[in-house]
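Me: Here is a model I would like to go through by its sheet and its pockets. Please keep the answers short.

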Amino acid sequence: MFNTLRSTLVRQTPGILKVPAQLVPFSVRQKVMLETLKRVYHEALDDGDFEFLEGRWLEVNVRDLGVKSYISYQDEKLVVAERIEQPDVVFSAGLNDLILIAARKEDPDTLFFQRRLSIEGDTELGLEVKNLMDGIDLDTLPSFLRQALMQLADFIGKGLAEKHDTEYRHAHQI
């Protein structure tokens, strides 16, 4: 019973959050995104590892929320914009998959080949962004944030696994 409830909650939460996520003013989303990126990537920023993004734009599209953000690196700082003319590379995935990637519970390559993560545009830039994502050291996050992320990712992972198990059983009449 709990597993079915968890699976339902995991599948339906992005739809429930869609309208509220779109109603959040961009200035709030921008501030949260910048602060989160600075905290997660502080070492990479200090080391100049974002220089490859100088003058170029990454679109992050959370498909099931209908929310897009544009990230660049200018004057040795990360920049988040609401709109740009043309991104150089687009990363697009659902909320649950992005959380699993952030917590290192899913590999971006696996999700890419399962068509759950889409990377379009400049493939070289996309690879550099993916490598930077792979280089996140979760131990640098505050423990409460790291624990919350890991618990949420575990919950999502189990909910998605239950969904796939149920679909398999129904398809094979087990």
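The questions below take up the sheet and then the pockets of this predicted model.

Me: Which strands stand at the edges of the sheet?
Reply: The sheet is open and has five strands in the order 3-2-1-4-5, with mixed pairing. A strand at the edge has a single partner, so one side of it is left without a neighbour in the sheet. That applies to strand 3 (77-81) and strand 5 (117-121).

Me: Which residue stands opposite Gln 74?
Reply: Strand 2 (residues 67-74) runs antiparallel to strand 3, and five bridges join the two. Opposite Gln 74, in strand 3, stands Lys 77.

Me: At what angle does helix 6 run to strand 4?
Reply: Helix 6 (residues 123-134) lies across strand 1 (58-62), strand 4 (89-93) and strand 5. Its direction relative to strand 4 is about 55 degrees.

Me: Which element gives the most to the lining of the largest pocket?
Reply: The largest pocket holds about 1500 Å³ of space and is lined by 43 residues. Among those nearest its centre are Met 33 and Leu 98. By class, 37 of the lining residues are nonpolar, two polar and four charged. With nine residues, the largest share comes from helix 2.

Me: How many residues does helix 6 give to the lining of the second largest pocket?
Reply: The second largest pocket has a volume of about 160 Å³. Its lining includes Asp 109, Phe 112 and Lys 130. Helix 5 (108-113) and helix 6 each give two or more residues. Helix 6 gives the most, and its number is four.

Note on methods: Residues numbered from 1 in each chain as written. Predicted model: local features only at pLDDT ≥ 70, side-chain atom pairs only at ≥ 80, totals over all residues. Heavy atoms only, no water. Pairing = 2+ DSSP bridges. Contact = heavy atoms within 4.5 Å. Axes fitted to C-alpha atoms, helices over the stretch in contact; angles between N-to-C directions. 1 Å grid on protein atoms, 1.4 Å probe; cavity = no way out; pocket = protein on both sides within 12 Å on 5 of 7 lines; lining within 4 Å. Points joined across faces, edges and corners; volume = space filled by probe spheres on them. Nonpolar A, V, L, I, M, F, W, Y, C, P; charged D, E, K, R; others polar.
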